[in-house]
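Visitor: Before we look, I would like each label you use to be set against its cut-off. Please show me the structure and then take the labels one at a time.

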Amino acid sequence: MGAAAWSLGVLALLIALPLAARHRLPDPLATHWGGRDPDGSMSLTWAALFPALVWLVLVLVAALLQRYCAERTPGCGAVALAAGGVLLTGAQTAVVHANLDRARWQDAAPMGIEVVLVLAATAVAGVLAWLAGRGAGRAPGGGPEERPTAGAPALDVPEGERFVWLSRAVNPWLQLLAAVLGLVAVAGVLVAASGLTGLDWSVALSFALPALAVLACSSVQARVTARGLTVGFGPFGRPARRWSPEELVSARAEVRTAAQAGGWGYRINRLGTTVMLRGGECLVVRTRRGTDFAVTVDDAERGAALLNALIARGGQPTGRAADRPS
């Protein structure tokens, strides 16, 4: 849903930027520069529609990449969407700014630092999307085969073997909200960069900061290794909370609802702390302080079993790796 909001938002920006400035732009307007000076033009209508058509093709390519290549290259679709969206909107903004208040397209301002800034922003967006995609592409993992016992779930982990368990959960509605807030902030910056209005940083930050906060709460990753439990927030797994085996008493899987947790997000109530992104199965750990921490992730029973095995033997596995996907 976040990707869909981003795709529609970029499409709207590409069309709206030149049309919003149409009374201050020549028609045709400069759209190509040979070196620093303009050497090509398009009609105002085509200058609005051509980048939008390119974007629609890129969205289709990103969808195909995500469908057929995501297993081998996690995040490839996200990289295409993020980098392509930044490149096209940045270029459209630079074009509008260069043509603004010019009588003829031949009088458009030369291109220089704008090209460098757009390319740098494109590279940053691509790298961030790739890092986020790597975390999202990790499948839940397991260790040795489960052997249920009475009481809390536990595994018989042979001495000399290592293990890891990974799981995550995503709330698409929070991702959608983060995308919408972020797009509003980006739109404000791009409109200001195009020269249509002045930039009011207070307005931009009032959307950008909530967008980052909601994005951090829209997904969660849980990881169990010999070092204990790590729960990371957001697409990059940061910030994160960590517990060593010595800090934990036990772990269990438990079904919880948003009503029991007190709502969505990071909740604290009589049940302890709950990271509630969706109703259903939670991984719940009891700490030495006597408090519970719960996080809504898939395959919680296996994660609890691995944690209990690690707690029971003091978290000291050594020797060869024995990681196997569940």
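Guide: A disulfide is a pair of cysteine sulfur atoms within 2.5 Å, and by that criterion the structure holds zero disulfides. This is a predicted model, in which local features need pLDDT of at least 70 and side-chain atom pairs count only at pLDDT 80 or more, while totals for chains, interfaces and linings use all residues. Residues are numbered from 1 along each chain as its sequence is written, and side-chain values use heavy atoms, with hydrogens and water left out.

Visitor: Why is C282 called buried, and why does C217 count as partly exposed?

Guide: Buried means under 20% relative accessible area, exposed means over 50%, and partly exposed is in between, with a 1.4 Å probe and protein chains only. C282 has 0% relative accessibility, which is under 20%, so this cysteine counts as buried. C217 has 37%, which falls between the two cut-offs, and is therefore partly exposed. Over the protein chain, 44% of the 326 residues count as buried.

Visitor: What makes F233 and Y266 an aromatic pair, and why is the pair called tilted?

Guide: Rings of Phe, Tyr and Trp (its six-membered ring) pair if their centres lie within 6.5 Å; planes under 30 degrees apart count as stacked, over 60 as edge-to-face and the rest as tilted. A search of the whole structure finds three aromatic pairs. In one of them, the centres of F233 and Y266 are 6.0 Å apart, which is within 6.5 Å, and their planes stand at 55 degrees, which is neither under 30 nor over 60, so the pair is tilted. F233 lies in strand β7 (residues 228-233) and Y266 in strand β10, so the pair ties together parts that are 33 residues apart in sequence. Here helices (H or I, at least four residues) and strands (E, at least two) are DSSP runs, numbered from the N terminus. F233 is buried at 10% relative accessible area, whereas Y266, at 38%, is partly exposed.

Visitor: How do you know that W243 and F293 also form a tilted pair?

Guide: Their rings are 4.7 Å apart centre to centre, with 50 degrees between the planes, and both values meet the criteria for a tilted pair. The pair links distant parts of the chain, with W243 in strand β8 (residues 240-243) and F293 in strand β13 (residues 292-295), 50 residues apart. W243 is buried at 7% relative accessible area, and F293 counts as buried at 3%.

Visitor: What makes β10 and β11 a pair of strands?

Guide: Two strands pair if DSSP finds at least two bridges between them. Strand β10 (residues 265-269) and strand β11 (residues 272-276) have five bridges and run in the antiparallel sense, with G265 standing opposite M276 in β11. The two strands form a hairpin with two residues between them.

Visitor: How do you know that the span of helix α3 is close to the expected value?

Guide: The expected span of a helix is 1.5 Å times one less than its number of residues. Helix α3 (residues 76-99) has 24 residues, for which 34 Å is expected, and reaches 35 Å from its first C-alpha to its last. This helix is mostly covered, since 19 of its 24 residues are buried, and is followed by D101, whose phi is positive, near 60 degrees.

Visitor: Why is A20 called exposed?

Guide: A20, which lies in helix α1 (residues 2-20), has 56% relative accessibility, which is over 50%, and therefore counts as exposed.
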